[in-house]
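Hello,

Here is the structure we spoke about, with sequence and coordinates together. My notes follow below it.

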Amino acid sequence: MDFGEPEHIGMLRESIRRMLERHAPREQMAKWDVEDRVPRALMDQIRDLGVCGMTVPEEYGGTGRDILATMVTVEELSRRSMVIGTLFLMNACYGSMNILASGSLEQKQRLLPKLANGELLFAYGLSEPDVGSDLASVTTRAERKGDKVIINGNKRWCSGAEIADYIYALVRTGDPDARYKNLSLVLIPPTAKGVTLTHIPALGARGLNTNDVSFDNVEISIDDVVGGEEGWNQGWTKLAGPALEVEKLEVAAMALGIAAQAVDDAWEYSQQRRQFGKRICSIQSIRHMLADAQTKLAATRLMLYRGCWLADNDLPCSVETSMAKMFAGETGLDIVLTCQKVMGAYGYAHGFDMERHVRDMLLMPIIGGSTAIQKNNIANRMGLPKA
Ligand SMILES: Cc1cc2nc3c(=O)[nH]c(=O)nc-3n(C[C@H](O)[C@H](O)[C@H](O)COP(=O)(O)OP(=O)(O)OC[C@H]3O[C@@H](n4cnc5c(N)ncnc54)[C@H](O)[C@@H]3O)c2cc1C
């Protein structure tokens, strides 16, 4: 067992922190939060860090798969904002990891070099107005017409749709009663004729560009069915593949980043704030709250990095990634609420990042498979009988 952080990971953290100070300082992030946007141009700065190829093999222009480094990048970017973390995910994970795992050879050759170079962003179009956890019930339909595919239906909560190059959408390609067997994944440019986007404002994750997306006779080429012709009706197998395990780590990494920044902020604040003639960090209850938060943060980090290690070594990790995702979301919420208490009224007011950390963290137990869904997965995969 080796718990030491590799040197290249330490250097990566430093370069991300420098980039954020320069191109997304705290005051700027607070403004983007109010405006509910983060510019796509920030992706250029992320690309310049050299991190976009970390999920792409060298033969396609990447630097080779490094899940730990990828998740540390998500963690560090999410310290400033999970929205910035998501920008990177839209490239390195929603795009590269999915195309690498599920794309046809032609799609890999066409898309992976651009993804590795940070030029393309993918948005997830899985959820629908009536479909959340039960993704096998999607009703958005795709029909073959020669070498074209025609799409009709509605997606909901499609984050990043306004700035994405493709929506990676799960669509019904046959009889709905067959559930898992008649699903396909397709790549739809949000600029295609017949696509309408409607922005959805939300409590947190402001700037995530979350949208309702409707498809009205949208036409794409059969080449944009994920996996090509052979990918038709194979959507579920592709969705539930290795990329799904890593997706759970992605949310855990975002939660860890938000929580880590909240702890740092509260730790620092407790040393500045004076009440009753002394710094509040000298009050035992404040010290205990911060000690609790640091301990929970350390546990979250261990669970996430263990999941990364398993994924990097191609070992089975469905249980561990579910545990990491569930723990990071729930414990992360606990951590930010504790940190908010340490900061009193200043943890609640606009103008301080703490209230944004709380709003953003509230999303973590919901997305990427809710806490309850992860618990189901853990109990099922560990063989707990249902009757
Ligand atoms: C800001 C934001 C951004 C998002 N971005 C995207 C995106 O980019 N792309 C995308 O496709 N989706 C996105 N989503 C949707 C997200 O993935 C879903 O919210 C999530 O899958 C849960 O679905 P739901 O909210 O419809 O809840 P439901 O599935 O309706 O669940 C409601 C409640 O019931 C519980 N529940 C449901 N089924 C079970 C079960 N079998 N056992 C136990 N409990 C259960 C859930 O845990 C939850 O507490 C986003 C959502 C938000 C809020």
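**Where domain 1 meets domain 3**

Between domain 1 and domain 3, about 2,200 Å² is buried, and carbon and sulfur atoms give 56% of that area. On the domain 1 side, the residues that lose the most area to domain 3 are Arg26, Arg79 and Met82, which together make up 31% of what that side buries. Please keep in mind that this is a predicted model.

For orientation, the domain assignment splits the chain into domain 1 (7–120), domain 2 (124–234) and domain 3 (241–381). The contact between domain 1 and domain 3 takes 23 residues from domain 1 and 26 residues from domain 3. The C-alpha centres of these two domains are 21 Å apart.

As for charged and polar pairs, six salt bridges are counted between domain 1 and domain 3. In the model, the side chain of arginine 26 forms a salt bridge with that of aspartate 353, at 2.9 Å from N to O. Arg26 is also among the three residues of domain 1 that lose the most area to domain 3. Residue pairs in polar contact between the two domains number 12, with both residues at pLDDT 80 or more.

Which helices supply the domain 1 side? At least two residues each come from helix H2 (26–35), helix H4 (67–80) and helix H5 (82–102). H4 has the largest share, with nine residues. Sorted by class, the side of domain 1 that touches domain 3 holds 11 nonpolar, eight charged and four polar residues.

Regards

Technical notes. Residues numbered from 1 in each chain as written. Predicted model: local features only at pLDDT ≥ 70, side-chain atom pairs only at ≥ 80, totals over all residues. Heavy atoms only, no water. Domains from an automatic or database assignment. Contact = heavy atoms within 4.5 Å. Buried area = accessible area lost by both parts, 1.4 Å probe. Salt bridge = Lys/Arg side-chain N within 4 Å of Asp/Glu carboxyl O. Polar contact = N/O pair within 3.5 Å; in protein donor to acceptor, adjacent residues only side chain to side chain. Helix = DSSP H or I, 4+ residues; strand = E, 2+ residues; numbered from the N terminus. Nonpolar A, V, L, I, M, F, W, Y, C, P; charged D, E, K, R; others polar.
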